[in-house]
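User: Please pick one part of this model and go through it closely. Keep it plain, and state the cut-offs behind the terms you use.

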Amino acid sequence: GTGSGSGARAGAASSAPGAPFSAENLLGNIDMSDEQTSELAKLGLMFIGVVTILRIISSSTFVFKAVVLPIGILYGMMTCPANDTFDPKKELKRVLRGQHLPEGHQDKPPDDWFSRTVARVTASVVAEASTAFGYEVSFTSFGGAFTLSTVLVPTLNMELYWIGAFGSWRYIMKRKTQIES
């Protein structure tokens, strides 16, 4: 008799409206329509979908870091151009004639023969004249995967940057330098 009486008291306490962990206190008196139920189900499924997509992305970044990145670095190390393949005068001429600029850029010469020839001659004269007074070339290797080349041309007040990777040299940018007195 005593066991069933205490069980009845525990059951009565948990189903009583004032009990702290009763269904009414946790959820309230929820009377949801079918539309609200379907919206809640949609939100739940969207949450599960987002969590699944995030797990796929996190596992794919692991694969990228563990497989693709090391293979890319090894390929870069195998195909990094040697420093002696960089010709600063030739690369400077290319920059001065606007070869690196996208089509339609205001500083890129038109694509006709005369404009290209004038740009080529102008770039050659400026490059030869400015490098005749000296220029400085420096190379910075990044683990053999790629090399950063910097060319300082004091007469033009410019410092130009190229990256040597995957078998060729690619122009990155130029910046003006200050004239030292």
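Analyst: Phenylalanine 166 lies in the loop between β3 and β4, a good place to enter the sheet. Strands here are DSSP runs of E with at least two residues, helices are runs of H or I with at least four, and both are numbered from the N terminus. The model is predicted, with local features requiring pLDDT of at least 70 and side-chain atom pairs pLDDT 80 or more, while totals for chains, interfaces and linings use all residues. Residues are numbered from 1 along each chain as its sequence is written, and side-chain values use heavy atoms, with hydrogens and water left out.

Phenylalanine 166 has a positive phi of about 55° although it is not a glycine. Most residues other than glycine have a negative phi. With a relative accessibility of 46%, phenylalanine 166 counts as partly exposed; buried means under 20% relative accessible area, exposed means over 50%, and partly exposed is in between, using a 1.4 Å probe and protein chains only.

On either side of that loop, β3 and β4 run antiparallel and are joined by eight bridges. Two strands are taken as paired if DSSP finds at least two bridges between them. Across this pairing, glycine 164 stands opposite tryptophan 169 in β4.

The sheet as a whole is open and has four strands, in the order β1-β2-β3-β4, with antiparallel pairing. β1 and β4 (168-176) are the edge strands, each pairing on one side only. From one strand to the next, the twist averages 20°. Strands of a sheet pair through backbone hydrogen bonds.

Now the other two pairings. β2 and β3 are antiparallel over seven bridges, and methionine 158 in β3 is the bridge partner of valine 153. Their hairpin has four residues between the strands, among them asparagine 157 with a positive phi near 55°. Asparagine 157 is not a glycine either, and with 21% relative accessibility it counts as partly exposed. β1 and β2 also pair in the antiparallel sense over seven bridges, with glutamate 136 opposite leucine 152 in β2. The hairpin of β1 and β2 has three residues between the strands, and there the positive phi, near 65°, belongs to glycine 143.

In β1 (residues 136-142), valine 137 deserves a closer look. Valine 137 is partly exposed, at 30% relative accessible area. Contact means heavy atoms within 4.5 Å. Leaving out residues up to four places away in sequence, valine 137 touches Phe86, Pro88, Ser149, Thr150 and Val151. Phenylalanine 86 is 51 residues from valine 137 along the chain, with 9.7 Å between their C-alpha atoms.

Phenylalanine 86 leads to the interior. Together with Leu92, Val95, Ala127, Val151, Val153, Met158, Leu160, Trp162 and Trp169, Phe86 makes up the largest nonpolar core, which has 10 residues. Such a core is a set of buried Ala, Val, Leu, Ile, Met, Phe, Trp, Tyr and Cys residues joined through side-chain atoms within 4.5 Å. Two or more of its residues come from each of α4 (88-96), β2 (146-153) and β3 (158-165). The most come from β3, which gives three residues. Which residues does tryptophan 162 touch, not counting those up to four places away in sequence? They are Phe86, Glu91, Leu92, Val95, Thr147, Leu148, Ser149, Val151, Trp169, Arg170, Tyr171 and Ile172.

The helix packed on the sheet comes next. α4 lies across β1, β2, β3 and β4, at about 110° to β3. Axes are lines fitted to C-alpha atoms, for helices over the stretch in contact, and angles run from 0 to 180 degrees between N-to-C directions. The axes of α4 and α5 (residues 113-132) come within 9 Å and cross at roughly 135°. The two helices are therefore oblique to each other: under 35 degrees counts as roughly parallel, over 145 as roughly antiparallel, 65 to 115 as roughly perpendicular, and the rest as oblique. Lys89, Leu92, Lys93 and Leu96 of α4 meet residues of α5 including Ala123, Val126 and Ala127.

As for the setting of the sheet, the elements of the chain run α-α-α-α-α-β-β-β-β from the N terminus. Of the 181 residues in the chain, 18% are buried. Among contacts with a separation of 6 or more, 40% are between residues 24 or more positions apart.
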